[in-house]
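Subject: Structure handover

Hello,

Here is the structure you will be working on from now on. My notes follow below it.

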Amino acid sequence: LSIRNLTVSLAAEDGRVEALHEVSLELARGSVTALVGESGSGKTLTAFSILGLLPAAARVESGEVMFDGRDLLRLDDEVSAEASRVIAPSAAEGAWP
């Protein structure tokens, strides 16, 4: 999984605010990786972006999330759901709170 220059904005009262700015990560196949940071640093928003589970107020402004040669941010809903099941099976099935 490769994340390159992911920028996500959120709706705010006076327009949009950038919540993630050019996030880039490389995750090796079969590895377990922890994303660590302070509260509000964008860990959950990054994960939701990868899985295609962004809230309605969020919008991907730029970047790409590559998995098996495909950009997950530009897949149709059916293919995106299948990719989510492969990347994070328990999250895609609603097994987390």
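What share of the contacts in the protein chain with a separation of 6 or more comes from residues 24 or more positions apart? Such residues account for 51% of those contacts. Please keep in mind that this is a predicted model.

Overall layout

The protein chain has four strands and three helices, and their order along the sequence is β-β-α-β-β-α-α. The chain is 97 residues long, and 28% of them count as buried. About 6,400 Å² of the protein chain is exposed, and 52% of that area comes from carbon and sulfur atoms.

Sheet

The four strands form an open sheet in the order β2-β1-β3-β4, and the pairing is antiparallel. Its edge strands are β2 and β4 (70–71), each of which pairs on one side only. Between β3 and β4, which run antiparallel, there are two bridges. F67 has R70 in β4 as its bridge partner.

Core

The largest nonpolar core is made up of twelve residues: I3, L6, V8, L20, V23, L45, I50, A58, V65, F67, L72 and L75. Two or more of these residues come from each of β1 (2–12), β2 (15–26), α1 (43–51) and β3 (58–67). V65, one of the core residues, touches L1, S2, I3, I50, R70, D71, L72 and L73 when residues up to four places away in sequence are not counted. I3, I50 and L72 are thus on both the contact list of V65 and the core list.

L20 is another member of that core, and it sits in strand β2. Is L20 buried or exposed? L20 has a relative accessible area of 3%, so it counts as buried, the cut-off being under 20%. Apart from neighbours within four places in sequence, L20 is in contact with L6, T7, V8, G42, L45, T46 and S49. The C-alpha atoms of L20 and L10 are 9.3 Å apart, and the two residues are ten apart in sequence.

Helix α1

The buried residues of α1 include L45, T46, S49, I50 and L51. S49 belongs to this helix. Why does S49 count as buried? Its relative accessibility is 2%, and buried means under 20%. With neighbours within four places in sequence left aside, the contacts of S49 are L6, V8, L20, L54 and L73. L6, V8 and L20 in that list are also members of the largest nonpolar core. After α1 comes G52, which has a positive phi near 75°.

A buried serine in β1

S9 is located in strand β1. With a relative accessible area of 4%, S9 is buried. Its side chain makes a polar contact of 2.5 Å with the side chain of E61. Not counting residues up to four places away in sequence, S9 touches R16, V17, E18, A19, A57, A58, R59 and E61. E61 therefore appears twice for S9, as a residue it touches and, at 2.5 Å, as its polar partner, a polar contact being a pair of N or O atoms within 3.5 Å.

That is what I have on this structure.

Regards

Technical notes:
Residues are numbered from 1 along each chain as its sequence is written. This is a predicted model: local features need pLDDT of at least 70, side-chain atom pairs count only at pLDDT 80 or more; totals for chains, interfaces and linings use all residues. Side-chain values use heavy atoms; hydrogens and water are left out. Buried means under 20% relative accessible area, exposed over 50%, partly exposed in between (1.4 Å probe, protein chains only). Contact means heavy atoms within 4.5 Å. Accessible areas come from the Shrake-Rupley method with a 1.4 Å probe; for residues, only the protein chains shown count as cover. A nonpolar core is a set of buried Ala, Val, Leu, Ile, Met, Phe, Trp, Tyr and Cys residues joined through side-chain atoms within 4.5 Å. A polar contact is a pair of N or O atoms within 3.5 Å; within protein, one must be able to donate a hydrogen and the other to accept it, and residues adjacent in sequence count only if both atoms are side-chain atoms. Two strands pair if DSSP finds at least two bridges between them.
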